[in-house]
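Work through these exercises with the model open beside you. Try each task before reading its solution.

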Amino acid sequence: MASSIRRIRSEPAVTQTLRSTAAATIAYAVALWLSSEPAPLTAPLTALLVVQVTLYSTLTTGIRRVNSVVAGVLIASAFSVLVGLSWWSLGLIILASLIVGYMVRVSEFVPEVAISAMLVLGVTRVADTAWDRVLETLIGATVGLLFNVLFVPPVWIGTAGASITDLARRMRQLLIRMGEELSDHVPVETAAARLYEARRLDNDVAEVDAALRQAEDSVRLNPRVKEGLLNRVVLRTGLDTLEICAVVLRVLARTMTDLARERDGALFDPEVGRSLQELLGHVADALVSFAVLVTSQVSESAQAAEDRLAGELAAAVTSRERTANLLLDGVRHHPDHWQLHGALLTEVDRILDELDPAHRSRRLMEELDRSAREQREKYPRITRVRQWTSTKRERHTAAR
């Protein structure tokens, strides 16, 4: 029972619901005190839209929403001086609001510019209503921002890591099932079903990518996280590797399907089938070990995961050489299928190469360099301030 409650509380939807409800209620209470409107619902509406799961998205969303509402109110105020409310003026104000929304770059809140303008234009006391609406919007946005500053949103690194590990385990299960069928008579329909399962991994990768994007936002500007960039890059490169492996796994399943279509009996002789099954088993275990390594936060756990991965890769390489020799002998019995045999080994080699720790380290360093370079180009002033601070600190240390 206690574990179920903890699991529910850790769900992003539950956290978002509780945070949004609290922020909207507080914003409404503050607006009742400061605004002259009897029911200032714009304030809780703004807070509801501003408060997101992460602090970074809250800040960016709040600024864009305030800009959209203020732009809509100003447009409505200008139109109320020139024209009244009619069908043609309504169409004109909607057109002008949407154009201005794109000009001020409020992103997904472009319709909010037109909505604000229509609501303000549709009332009698335009000037008072315009001020009240701007005031309520500012109250809602401020409450939303302060809510996430004082009550820092959770970090979703653990959730994203669990999603990556689950993806690796699903890939492992598919490889294990494919290996178990190598020595048996496999109908084309069964092999095609495995191919369909491999294709469905694309949907799994998309879901993990969404969870990872949320985790990346959760570490930006979050005081709980000290190594935000490193955490983002480690998980992102890990998911990229698994995505490549999923593509190769789909090609491997396609090769198995072609073999099942070409052969009436078992896909391979018993000895070759057992060797291939052992090879795919090592590859499957290496996938999970790689995911555990990528998602390990403690250095001791990471070292243990790296040792397990190295052991699985070494066993896979040994099994691969033995399987290659057996497949070479099998080509003499099935000379027409030598291309499919070579394709099997090539696809296994590609997965092993992607999981290699040296390959991962090289990709990780390249991604860190790229992220740091983009950060310097995007925020040159902040970069110069950091360089100046670092130089001053080094000089002070040298003087001591």
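Partly exposed sits between two cut-offs: buried means under 20% relative accessible area, and exposed means over 50%. Keep in mind that this is a predicted model.

**Exercise 1. Classify the two partners of the salt bridge between Arg254 and Asp258 by accessibility, and place them in the fold.**

Solution.
- Step 1: find the pair. The closest N and O atoms of Arg254 and Asp258 are 3.7 Å apart. A salt bridge needs a distance within 4 Å, so the pair qualifies.
- Step 2: place the pair. Both residues belong to helix α10, which spans residues 228–262. They are four residues apart, about one turn of the helix.
- Step 3: classify Arg254. Its relative accessible area is 40%, so Arg254 is partly exposed.
- Step 4: classify Asp258. Its value is 21%, so Asp258 counts as partly exposed too.

**Exercise 2. Work out which parts of the chain the salt bridge between Arg170 and Asp204 links.**

Solution.
- Step 1: check the contact. The side chains of Arg170 and Asp204 meet at 3.3 Å, N to O.
- Step 2: locate each end. Arg170 is in helix α8 (residues 157–180), and Asp204 is in helix α9 (residues 188–219).
- Step 3: read the separation. The two are 34 residues apart, and the pair links distant parts of the chain.
- Step 4: add accessibility. Arg170 has a relative accessible area of 32% and is partly exposed. Asp204 is at 17%, so Asp204 is buried.

**Exercise 3. Is Arg320 buried or exposed? Treat its salt-bridge partner in the like manner.**

Solution.
- Step 1: identify the partner. Arg320 forms a salt bridge with Glu321, with the closest N and O atoms 3.5 Å apart.
- Step 2: classify Arg320. Its relative accessible area is 18%, so Arg320 is buried.
- Step 3: classify Glu321. At 43%, Glu321 is partly exposed.
- Step 4: widen the view. The structure holds twelve salt bridges. Arg177, Arg194 and Glu197 are linked in a network of such bridges.
- Step 5: recall the principle. Side chains of opposite charge can pair when their charged atoms come close.

**Exercise 4. Describe how helices α8 and α11 pack.**

Solution.
- Step 1: take the geometry. The axes lie 8 Å apart, at an angle of about 180°.
- Step 2: name the arrangement. Angles over 145 degrees count as roughly antiparallel, so α8 and α11 are roughly antiparallel to each other.
- Step 3: list some of the contact residues. On α8 they include Gly161, Ile164, Ala168 and Leu175. On α11 they include Leu280, Gly281, Ala284 and Val288.
- Step 4: sort the contact by class. The contact of α8 with α11 has twelve nonpolar, six polar and four charged residues.

**Exercise 5. Find what Ala31, Thr237 and Ser275 touch beyond residues up to four places away in sequence.**

Solution.
- Step 1: Ala31. This residue is in helix α2, residues 12–34. Its relative accessible area is 0%, so Ala31 is buried. Ala31 touches Pro40, Ala43 and Ile139. Ala31 and Leu41 are ten residues apart in sequence, with their C-alpha atoms 8.4 Å apart.
- Step 2: Thr237. This residue is in helix α10. Thr237 is buried, at 6%. Its partners are Arg363, Leu364 and Glu367.
- Step 3: Ser275. This residue is in helix α11. Ser275 is buried, at 4%. Its partners are Ser319, Arg322, Thr323 and Leu326.

**Exercise 6. Summarise the whole chain, and say where confidence is lowest and highest.**

Solution.
- Step 1: count the elements. The chain has 15 helices and zero strands.
- Step 2: check burial. Of the 400 residues, 45% count as buried.
- Step 3: check contact range. Among contacts with a separation of 6 or more, 78% join residues 24 or more positions apart.
- Step 4: read the confidence. The chain averages a pLDDT of 76, and 73% of the residues score at least 70.
- Step 5: find the extremes. Confidence is lowest in helix α1 (residues 2–9), at a mean of 48. It is highest in helix α11 (residues 270–295), at 88.
- Step 6: inspect the start of the chain. Over residues 1–5 the pLDDT is below 50. Beyond near neighbours in sequence, this stretch has zero contacts in the model.

Terms used
Residues numbered from 1 in each chain as written. Predicted model: local features only at pLDDT ≥ 70, side-chain atom pairs only at ≥ 80, totals over all residues. Heavy atoms only, no water. Buried < 20%, exposed > 50% of the residue type's maximum accessible area, 1.4 Å probe, protein only. pLDDT = per-residue confidence, 0-100. Contact = heavy atoms within 4.5 Å. Axes fitted to C-alpha atoms, helices over the stretch in contact; angles between N-to-C directions. Parallel < 35°, antiparallel > 145°, perpendicular 65-115°, else oblique. Nonpolar A, V, L, I, M, F, W, Y, C, P; charged D, E, K, R; others polar.
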